[in-house]
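User: Could you take a close look at one helix for me and walk me through how it sits in the fold? I'd like the cut-offs spelled out as you go.

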Amino acid sequence: MAQLSRARFVITDRLHVHVVATLLGLPHVFLDNSYGKIGRFADSFGTGWNGCSRAASRAEAVAVARRHLATAGG
């Protein structure tokens, strides 16, 4: 929690990091695994809010992070 709370943006492929980032209100992007665990969770529980998005690849996730940080002045 302490480490994540200092982040300006998070890229993750882990469900619990997605949950914690959502609870902390951190902008983040997640990469789903082959069986869609994080995506199903986000769809079911509405954790895909304005500061969160889903990426299909690492390159896409990095691009999303760069765009966010550029517009947020970070």
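Analyst: Here's a walk through helix 4, followed by a shorter stop at two other spots.

Some housekeeping before that: this is a predicted model, where local features need pLDDT of at least 70, side-chain atom pairs count only at pLDDT 80 or more, and totals for chains, interfaces and linings use all residues. Residues are numbered from 1 along each chain as its sequence is written, and side-chain values use heavy atoms, with hydrogens and water left out.

Helix 4 covers residues 58-71, which makes 14 residues. Helices here are DSSP runs of H or I with at least four residues, strands are E runs of at least two, and both are numbered from the N terminus. From first C-alpha to last, helix 4 reaches 20 Å, close to the 20 Å expected at 1.5 Å a residue; that expected span is 1.5 Å times one less than the number of residues.

Now for what's tucked away. Ala61, Val64 and Ala65 are buried in helix 4 (buried is under 20% relative accessible area, exposed over 50%, partly exposed in between, with a 1.4 Å probe and protein chains only). Looking down the axis, the buried residues fall within an arc of 95°, so they line one face of the helix; the arc is that of the directions from the helix axis to the C-beta atoms. The cover over those buried residues includes strand 1 (10-12), strand 2 (28-31) and strand 3 (52-55), with contact meaning heavy atoms within 4.5 Å. Turned away from the buried side is a face with the exposed residues Ala59, Arg66, Arg67, Ala70 and Thr71. Just after helix 4, Gly73 takes a positive phi of about 75°.

On to the aromatics: the structure holds 1 aromatic pair. Phe41 and Phe45 make up that pair, at 4.9 Å centre to centre with 35° between the planes, which counts as tilted (rings of Phe, Tyr and Trp, the last by its six-membered ring, pair if their centres lie within 6.5 Å; planes under 30 degrees apart are stacked, over 60 edge-to-face, the rest tilted). Both sit in helix 3 (residues 37-45), 4 residues apart, or about one turn of the helix. Phe41 is partly exposed at 23% relative accessible area, whereas Phe45 is exposed at 60%.

Last stop, Ser5, which lies in helix 1 (residues 2-5) and is partly exposed at 43% relative accessibility. Leaving out residues up to four places away in sequence, Ser5 touches Leu24 and Leu26.
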